[in-house]
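Biologist: I am new to this one. Could you show me the structure and let me ask how you arrive at the words you use for it?

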Amino acid sequence: MNEKKYMTIDGIPVEIEDEKNILELCRKIGIKMPTFCYHSELSIYGACRMCMVENEWGGLDAACSTPPKAGMNVKTNTEKLRRYRKNILELLLANHCRDCTVCENNNKCKLQDLAMRFNIEGVRFPNRAKSTKGEDVSSACISRDAGKCILCGDCVRVCNEIQHVGAIDFAHRGSNMTISTAFDMPLAESPCVGCGQCAAVCPTGAIVVKNDINKVWDAIDNPELKTTVQIAPAVRVAIGRELDTEDGSNVFGKIVAALRRMGFDEVYDTTLGADLTVLEESEEFLSRITENKNLPLITSCCPGWVQFCEKKFPEFLPNVSTCRSPMQMMASVLKDQNKKEDKKMFHVAVMPCTGKKFEAAREEFITELGPNVDAVITTQELIVMIKESGIIFNQLQPEAVDMPFASASGAGVIFGVTGGVTEAVLRRVSTNKSRADLLTVANAGQRGSEGIKEFTVPYGEKQLKIAVVSGLGNADDLLGRIKAGEHFDFIEIMACPGGCVNGGGQPYAGHGATLKRTQGLYESDLLHSIRRSEENPLTDTIYKEIIKGRAHELLHVDYTKGAKK
């Protein structure tokens, strides 16, 4: 047996198990260490120095980068450390825009939280930052303000290490150091794909989700417009914690009620669009398998992945499914139906994804009626609108979405988790349609939080090789393997680690919350009487009566047309 090893933290003996650093041990015994630059899934950077501990000789060590050793004795709360941390906070505040009340991250800012925690009552140094310093609003997805940046490097590491996008990095040296794109070009002209993961980890308001709230309020208040809204599956399990309900709980009915109170004329569920996506993508997949052409088929639901493919792997564009995303399928059907109405429709999509703002503005999805989706707001923006409306969310009575598009399947709901699209397609193409077969499909290999999942499933005399990928860094690795000669038949790719439940527009809460949200969607699927997309009777009505003969026109897109030659 291995002998147990201990170190001492604030006089408390702590067993050392698999912890990589002292910071993890501190959290293990309930000590909330202050940090800006530490994220367990990112590399250790050690820049902010807020997590310093005092060793038994009076020296200071960074808890995030110091491995624990048996016999070590450290303290986390001494007069020296309190003075040291206050000095750091004052220096950061001296170089930070302090217009907190008008900041997008007000009440969600780590710098603000720590300034209050350590009772910073004044800053002895002159302020060198301005709120307008280096603002970049060129992107449709996120906004940057260098005047609020504290150079923690979180955005740089997530963009480079997790996503392999490399849109931003450190530039210059010393007091002139900044976070910048290459040659300081606007973000919209950089390799950025709008995934929003940089905004999710930014501890201040230096990178935030692009705000389209006023645009939506203006439409609601315009009597000449009919305002409609669709809600993505992942939103229902991520909005709760910010509004006094449990993270991961399904509050879809309350969201519908809140949107009606806010003034929307009609409320719909994007899950129906997901059902249409399953039907179209399944047919496309089986057609390609039969013809042995443009394999692997790669899903096209995620706009961050589509941009990543366009910018970094254009040779794979013929492999990308021609199916529109569920958001665009739903919007196409709604806008097409509204042509018969007198009032012009203003259609809003509530999405977990910042990249959907870019997708809504793509020329492929703009018709003579205008954009299919006139505005996209993220889960974070919806929370702001609900609070602004004075709605006490947890007191709302759940309501149902509007007819005639009120029917959806559990297969469409699980689109919000990594592997959900794959599972929905497998349910569709499965030759065994018994309810017991749903368990077999669920255990095929697509579930779980791993960044890359690979498995095979039988189809006729063939064994189909499938991969489920979340996080663009993992997509980069897998596509590199395919270029080197590996074969796959079907690949699901989502830009955000964990899928849409962890989208850049969701409230950020770490790995634990992602698991709760994932479980919440699977539980919602189980409560649906319809578990397969093709069993949703509404889809049959849509094909036969609403879009008869025009399915390809309204439900498909060709991304290869815009590819660089």
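**Asking how we know**

Modeller: Gladly! Please keep in mind that this is a predicted model. Let us begin with helix 10, residues 326–338: with 13 residues at 1.5 Å each, the expected span is 18 Å, and the end C-alpha atoms are 18 Å apart, so the two values agree.

Biologist: What makes helix 10 "largely enclosed by the rest of the structure"?

Modeller: Buried means under 20% relative accessible area. Twelve of the 13 residues of helix 10 are buried, so the helix is largely enclosed. Among the buried residues are Pro326, Met327, Lys335, Asp336 and Asn338.

Biologist: How do you know that the span of helix 16 agrees with what it should be?

Modeller: Helix 16 has twelve residues, 472–483, which should span 16 Å at 1.5 Å a residue; its end C-alpha atoms are 16 Å apart, so the span agrees. After helix 16 comes Gly485, with a positive phi near 125°.

Biologist: Which residues of helix 16 are buried, and what covers them?

Modeller: The buried residues are Leu472, Gly473, Ala475, Asp476, Leu478, Leu479 and Ile482. Their cover includes helix 4 (154–162), helix 9 (303–312) and strand 20 (490–494).

Biologist: Now the sheet. Why are strand 12 and strand 17 called edge strands?

Modeller: The open sheet has four strands in the order 12-11-14-17, with parallel pairing. Strand 12 (266–269) and strand 17 (375–378) each pair on one side only, and that is what is meant by edge strands here. From one strand to the next, the twist averages 25°.

Biologist: How do you know that strand 14 and strand 17 pair?

Modeller: Two strands pair if there are at least two bridges between them. Strand 14 (residues 344–351) is joined to strand 17 by four bridges, and the two run parallel. In one of the bridges, Ala349 has Val376 of strand 17 as its partner. Helix 12 (residues 379–388) lies across strand 14 and strand 17, at about 85° to strand 17.

Biologist: What makes a group of residues a nonpolar core?

Modeller: The members are buried residues of nonpolar kinds, such as Ala, Val, Ile and Trp, joined through side-chain atoms within 4.5 Å. The largest such core has 68 residues, and Ile142, Ile207, Trp305 and Ile491 have the most contacts inside it. Leaving aside residues up to four places away in sequence, Ile207 touches Ile142, Cys155 and Ile168, among others. A second, separate core has 42 residues, including Val235, Ala349, Ile391 and Val401. Ala349 thus appears in that core as well as in the bridge to Val376.

Conventions
Residues are numbered from 1 along each chain as its sequence is written. This is a predicted model: local features need pLDDT of at least 70, side-chain atom pairs count only at pLDDT 80 or more; totals for chains, interfaces and linings use all residues. Side-chain values use heavy atoms; hydrogens and water are left out. Axes are lines fitted to C-alpha atoms, for helices over the stretch in contact, and angles run from 0 to 180 degrees between N-to-C directions. Contact means heavy atoms within 4.5 Å. Buried means under 20% relative accessible area, exposed over 50%, partly exposed in between (1.4 Å probe, protein chains only). The expected span of a helix is 1.5 Å times one less than its number of residues.
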